[in-house]
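I opened a new notebook page for this chain. My plan is to look up the fold, then the pocket, then the strands, and to end on a single residue.

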Amino acid sequence: MKFLKLASAALVLAAPFAMAQTSTWKSDSAHSEVDFTIKHLGISNVHGRFGKVDATLVRDDKDITKSTLNATIDISGLATGETARDNHLKTDSFFDVAKYPTATFASTSVAKAGSGFKVSGNLTLHGVTKPVVLDVDEPSAEVTGMDKKLHKGFSASTTIHRLDFGVGSSFPGAVVGEDVKITIDLDLAKQ
């Protein structure tokens, strides 16, 4: 009986330490962004930026591969530097931001890849969910920000096929490239 009490007490005391193995990091919207690059007429690259990104990383401090990342991207804030093009991209001919103002990413696995990581997950864009893999560069060192919180930087990229998500379906690849490179830069602050 005494052993049972000691074992129970040890489990109760160990529980907070088991919970302390994860930390939550949230994106600093002033220093985080999601950009895209697509071919125009097969001859030039057009660059753009989506609106703010709200990302949360739940990092397993003992095993990074058990971490999770979730993000919401403001598609309605899309900007390419050309107002007429931006307005056209926001219509139902492309992103239909009135109906689909955001995109989301939810990780399903994290794997080490050299000095960085491969983060697999589901991207929901334009009402369509497809699996994607983010190639994540080696994270930055942790630094203390002006908010007195620890910050860490992450850069990632992937390429998606816009037609898989029903974006700009009536525009042929010769006019608007079908592959879209997406780059993500996140400044995450420990909560």
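**Entry 1: the order of elements.** I read along the sequence and wrote down the pattern α-β-β-β-β-β-α-β-β-β-β-β-β. That makes two helices and eleven strands in the chain. I noted at the top of the page that this is a predicted model.

**Entry 2: the whole chain.** How many of the residues count as buried? I found 34% of the 191 residues in that class. Next I looked up the surface. The chain exposes about 11,000 Å². Carbon and sulfur atoms supply 59% of that area. Then I turned to contacts between residues at least 6 apart in sequence: 55% of them join residues at least 24 apart.

**Entry 3: the pocket.** I searched for open space next. Rolling a probe the size of a water molecule over the atoms shows where empty space is left. The largest pocket has a volume of about 820 Å³. Its lining takes in 48 residues, and those closest to the centre are Val34, Phe36, Phe50, Ile160 and Ile182. Which classes of residue make up the lining? I listed 38 nonpolar, seven polar and three charged residues. I also asked which strand gives the most to this lining. The answer is S11, residues 176–190, with six residues.

**Entry 4: the partners of S11.** I stayed with S11 and looked up its pairings. Strand S10, residues 150–161, runs antiparallel to S11, and eleven bridges join the two. Within that pair, Thr159 stands opposite Lys181 of S11. Strand S2, residues 33–40, also pairs with S11 in the antiparallel sense, over seven bridges. There I found Thr37 with Lys181 as its bridge partner. So Lys181 turned up in my notes twice, opposite Thr159 and opposite Thr37. Strand S1, residues 22–27, is joined to S11 by three bridges, again antiparallel. Lys26 of that pair has Ala189 in S11 as its bridge partner.

**Entry 5: strand S5.** I moved to S5, residues 68–74, and checked which way the side chains point. They alternate along the strand. Leu69, Ala71 and Ile73 point to one face and are buried. Thr68, Asn70, Thr72 and Asp74 point to the other face and are not buried. Then I looked up the neighbours of S5. Strand S4, residues 53–60, runs antiparallel to S5 and is joined to it by six bridges. Val58 stands opposite Thr68 in S5. Strand S6, residues 102–113, is antiparallel to S5 as well, with five bridges between them. Here Ala71 stands opposite Phe105 in S6.

**Entry 6: Pro101.** Last, I picked one loop residue. Where is Pro101? I found Pro101 in the loop between helix H2, residues 83–89, and S6. Is Pro101 buried, partly exposed or exposed? Its relative accessible area is 35%, so Pro101 counts as partly exposed, since that class lies between 20% and 50%. I left aside neighbours within four places in sequence and listed what Pro101 contacts: Ile73, Asp74, Ile75 and Ser76. Ile73 and Asp74 were already on my page from S5, where Ile73 is buried and Asp74 is not. I also took one distance. Pro101 and Gly127 are 26 residues apart along the chain, and their C-alpha atoms are separated by 10.0 Å.

Terms used:
Residues are numbered from 1 along each chain as its sequence is written. This is a predicted model: local features need pLDDT of at least 70, side-chain atom pairs count only at pLDDT 80 or more; totals for chains, interfaces and linings use all residues. Side-chain values use heavy atoms; hydrogens and water are left out. Helices (H or I, at least four residues) and strands (E, at least two) are DSSP runs, numbered from the N terminus. Buried means under 20% relative accessible area, exposed over 50%, partly exposed in between (1.4 Å probe, protein chains only). Contact means heavy atoms within 4.5 Å. Accessible areas come from the Shrake-Rupley method with a 1.4 Å probe; for residues, only the protein chains shown count as cover. On a 1 Å grid over the protein atoms alone, a cavity is a set of points where a 1.4 Å probe fits but cannot get out, and a pocket is an open set with protein on both sides within 12 Å along at least five of seven lines; lining residues have an atom within 4 Å of a point. Grid points are joined across faces, edges and corners, and a volume is the space filled by probe spheres set on the points. Ala, Val, Leu, Ile, Met, Phe, Trp, Tyr, Cys and Pro count as nonpolar, Asp, Glu, Lys and Arg as charged, and the others, Gly among them, as polar. Two strands pair if DSSP finds at least two bridges between them.
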